[in-house]
Amino acid sequence: MQAGYSFFRHTRFYLSQIVVYNTIYIRECGTGGYVTELKEQVVVLGGGLTGLSAGSVLARAGVNVKVIEADSTVGGLSKTIHHNGFRFDLGGHRFFTNDKRLNRFVHDLMQDELIAVSRSSKIFMRNTFLDYPLRPANAFFGLGISTSIRILADFGLEKCKGLFQQKKCVSLEDWVVKNFGRTMFDIYFKVYSEKVWGIDCSRISAEWVDRRINGLSLAKALKNAFFRVSGKKIPTLVDEFYYPKLGIGRISDRLKDEIEVCNNVMLDVRVEAIHHDHHEINGIVVRHQGQAELIAGTQFISSLPLTQVIKMLSPAPPQHILDAAARLRFRDLVVVAVMVDKKRVTDQTWIYIPEAKIPFGRIHEPTNWSERMAPEGKTLLVIEYFSFKGDRIWSDTDAHLVKTTVNHLEKLGFLKSRDVCDSRVVRVPKAYPLFEIGYHELCEELFAYLGQLRNLHIAGRSGMFRYYNMDHAIESGIRAAEAVMVREMDPEELHREETTLAGCEG
């Protein structure tokens with residue numbers, strides 16, 4: 001071994017089913033960490049949870065990595081906004097996972113910053129606040145006995161139908177009716193889903209909702225209600241989760257800190273073009289403060305929106321690939337935070353609003369997650385408007401959005417307009433992939449094309465065009481980093497490591 005070098009052995013990639021070992025030479029850097037002497041560089045496009053998780057794992061392994069983020073702060077949709085002493089997330093984001101290794105990854109990262117939060121959620125429906133998950137008495141009296149009986153009867157009817165015929169579920173409407181019955185679809189799922197997604201339920205893919213709600217049906221929801229099941233195996237019903245004391249953005253901040261020990265996270269840098277040749281990316285063009293720059297790399301990880309990656313490729317893809325990308329859409333988000341001169345407004349973690357006459361879809365009060373999200377004696381409500389960029393909600397003025405929000409909050413009995421002491425409006429483009437029927441086939445076509453680029457790894461919610469929760473987003477980044485590290489190893493070295501592992505099994 002050369003003088004002045006340390007020998008580093010990366011002992012385990014966090015989530016691999018097969019444990020892979022990597023051996024590299026590294027030298028100490030000025031901050032007390034280490035940096036690779038190799039010229040290879042992994043470039044990560046996107047500084048959200050996925051990109052930062054990938055960058056953190058690579059940095060821990062001694063890989064030279066550069067993360068590029070267009071915004072002035074990291075985190076993407078999982079950032080925390082600071083405003084005059086108040087803190088709020090872009091919607092209520094929690095951390096929960098059944099994966100012990102991923103749980104350990106986040107807890108090791110955050111140490112004592114995480115606190116356990118008990119979930120308490122309600123649905124405002126038919127001028128009544130109903131518990132979610134369902135509570136029998138609350139549901140029966142809130143919805144009325146006749147409506148409740150119709151819900152159960154419809155559910156039973158659908159179960160009986162299923163015994164004699166297996167109807168393929170194509171749309172969200174098909175799936176919900178099969179699993180919850182027609183009445184439950186009409187009074188809740190239809191109005192709320194169409195508010196969130198902005199299109200008719202008959203156009204929303206059942207494939208997405210089946211994965212998203214993950215096996216939940218009225219039977220399981222009722223079992224959870226009647227028999228006090230914790231719902232730990234069903235993420236939709238989980239009754240406790242973890243949350244950083246200073247907001248969900250702290251996870252991204254900590255990941256950024258780990259990367260920057262010896263590597264670089266570039267902010268306010270926008271990717272403009274992705275150059276490729278002979279089935280490999282050979283560089284990207286970025287723009288920072290008006291200046292264009294070419295950045296080279298040996299491997300590239302992208303969590304940028306899938307459609308954006310396709311458009312930035314140079315040379316451009318064939319027309320049918322561009323057409324497929326153009327058919328995929330995203331749903332945008334407008335967040336209105338209302339600061340209140342009171343200690344608390346609600347005792348809830350989330351409140352869902354399916355009512356069509358109320359323009360927003362969800363409310364949460366950050367101080368019910370952590371008291372440190374507002375100055376002492378004050379609180380705030382965060383309201384989510386689901387939108388398409390350029391529509392009436394997106395184009396509305398901040399002042400009118402705040403006024404509309406406060407008026408509805410007052411009608412709901414949460415506050416008086418005189419209690420409001422400040423506000424902030426944040427617009428979030430491309431917040432959620434829109435899962436229209438046929439989206440899966442379009443994605444497969446795009447993935448097949450991008451798969452020809454040997455050194456490109458697609459990851460994350462927007463990159464994979466999937467509805468990822470936080471744990472999935474982090475896991476996606478880690479898996480992308482694993483794929484990079486396996487490819488970066490010399491084939492003979494990888495064979496020796498695998499042979500060694502095989503000899504150690506059992």
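**Exercise 1. Locate Asp268 and describe its backbone.**

Solution. Asp268 sits in the loop between β12 (264–266) and β13 (270–277). Strands here are DSSP runs of E with at least two residues, helices are runs of H or I with at least four, and both are numbered from the N terminus. Next, take the backbone angle: phi of Asp268 is positive, about 55°, although the residue is not a glycine.

The model is predicted, so local features need pLDDT of at least 70 and side-chain atom pairs count only at pLDDT 80 or more, while totals for chains, interfaces and linings use all residues. Residues are numbered from 1 along each chain as its sequence is written, and side-chain values use heavy atoms, with hydrogens and water left out.

**Exercise 2. State whether the peptide bond from Ser314 to Pro315 is cis or trans, and place Pro315.**

Solution. Omega is near 5°, and the bond is cis. Pro315 belongs to the loop between β17 (313–314) and α11.

**Exercise 3. Describe how α11 packs on α14.**

Solution. Start with the geometry: α11 (residues 319–326) and α14 (residues 439–450) have axes 9 Å apart, at an angle of about 135°. Axes are lines fitted to C-alpha atoms, for helices over the stretch in contact, and angles run from 0 to 180 degrees between N-to-C directions. The angle makes α11 oblique to α14; under 35 degrees counts as roughly parallel, over 145 as roughly antiparallel, 65 to 115 as roughly perpendicular and the rest as oblique.

Then list the contact (heavy atoms within 4.5 Å). From α11 come His320, Ile321, Ala324 and Ala325, and from α14 come Leu442, Glu445, Leu446 and Tyr449. Sorted by class, these are six nonpolar, one polar and one charged. Ala, Val, Leu, Ile, Met, Phe, Trp, Tyr, Cys and Pro count as nonpolar, Asp, Glu, Lys and Arg as charged, and the others, Gly among them, as polar.

**Exercise 4. Repeat the analysis for α5 and α6.**

Solution. The axes of α5 (residues 172–180) and α6 (residues 182–197) come within 9 Å and cross at roughly 140°. The two helices are therefore oblique to each other. In the contact, α5 supplies Leu172, Glu173, Val176, Val177 and Phe180, and α6 supplies Arg182, Met184, Phe185, Phe189 and Ser193. By class, the contact has seven nonpolar, one polar and two charged residues.
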